[in-house]
Amino acid sequence: MTTTYQRKLRLAAFIHHVWDEGKVDASDDYVAEACTIRHDPGDPWDGKTLDRAGFKDRVQKSRAAFPDQKFDIPELFADGQNIVMTWLWSGTHMGDLLGSVRS
């Protein structure tokens, strides 16, 4: 059985490797064969169900628009089997993200 602490470490590792470093192939180790993006207002993918290839495309497009993006994780909370993360995101807008306009 995986402990709460191990699940928190896994989530933090996923964010770091896949989103911060852009190692999209590492998402195979973290993301289910299909996942639905929920409760991410302003995200062009919010509400969509993606397969792994679609998820990788999402990360690549996000990182192309914000190549230096970084997630700071101030807190991770556990509630039963669920892990909840608060984050502070930063990045330099360098290109279009599905209709966004660089300022």
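**Note on the predicted model: helices, aromatic pairs and the largest pocket**

1. Helix α2 has 14 residues, which at 1.5 Å a residue should span 20 Å, and its end C-alpha atoms are indeed 20 Å apart, so the two values agree. The expected span here is 1.5 Å times one less than the number of residues in the helix. Helices (H or I, at least four residues) and strands (E, at least two) are DSSP runs, numbered from the N terminus.

2. Before going further, please keep in mind that this is a predicted model, in which local features need pLDDT of at least 70 and side-chain atom pairs count only at pLDDT 80 or more, while totals for chains, interfaces and linings use all residues. Residues are numbered from 1 along each chain as its sequence is written, and side-chain values use heavy atoms, with hydrogens and water left out.

3. In α2, the buried residues are G54, F55, K56, R58, V59, S62, R63 and A65, where buried means under 20% relative accessible area, exposed over 50%, and partly exposed in between, with a 1.4 Å probe and protein chains only. What covers these buried residues includes α1, β1 and β2 (49-51). One of the buried residues of α2 is S62, which counts as buried because its relative accessibility is 8%. Leaving aside neighbours within four places in sequence, S62 is in contact with W19, W45, Q69 and L97, contact being heavy atoms within 4.5 Å.

4. Helix α1 (residues 4-20) can be checked in the same manner: its 17 residues should span 24 Å at 1.5 Å a residue, and its end C-alpha atoms are 23 Å apart, which agrees. Its buried residues are R7, F14, I15, V18, W19 and D20. Seen down the axis of α1, these buried residues fall within an arc of 160°, so they line one face of the helix; the arc is that of the directions from the helix axis to the C-beta atoms. As background, an α-helix has 3.6 residues a turn, so residues three or four places apart point the same way. The buried residues of α1 pack against α2 (52-65), β3 (70-79) and β4 (82-90). After α1 comes G22, whose phi is positive, near 75°.

5. D20, which lies in helix α1, is buried, with a relative accessible area of 12%. Not counting neighbours within four places in sequence, D20 is in contact with I15, R63, Q69, K70 and F71. With F71 there is also a C-alpha to C-alpha distance to note, since D20 and F71 are 51 residues apart in sequence and 6.6 Å apart in space.

6. How many aromatic pairs does a search of the whole structure find? The search finds six, where rings of Phe, Tyr and Trp (its six-membered ring) pair if their centres lie within 6.5 Å, and planes under 30 degrees apart count as stacked, over 60 as edge-to-face and the rest as tilted. W19 and F71 form an edge-to-face pair, at 6.2 Å centre to centre and 65° between the planes. W19 lies in helix α1 and F71 in strand β3, so the pair ties together parts that are 52 residues apart in sequence. Both partners are buried, W19 at 8% relative accessibility and F71 with a relative accessible area of 13%. F14, W19, Y30, F55, F71 and W87 form one aromatic cluster.

7. The largest pocket has a volume of about 1,000 Å³. Of the 30 residues that line this pocket, the closest to its centre are I15, W19, D40, R58 and W87. The elements α1, β1 (34-36), α2 and β4 each supply at least two residues of the lining. On a 1 Å grid over the protein atoms alone, a pocket is an open set of points where a 1.4 Å probe fits, with protein on both sides within 12 Å along at least five of seven lines, and lining residues have an atom within 4 Å of a point. Grid points are joined across faces, edges and corners, and the volume is the space filled by probe spheres set on the points.

8. Two loop residues deserve a look as well. S27, in the loop between α1 and β1, counts as buried at 1% relative accessibility, and S27 touches V18, F55 and K56, not counting residues up to four places away in sequence. F66, in the loop between α2 and β3, is buried, with a relative accessible area of 13%. With the same exclusion of residues up to four places away, F66 touches W89, G91, T92, H93 and L97.
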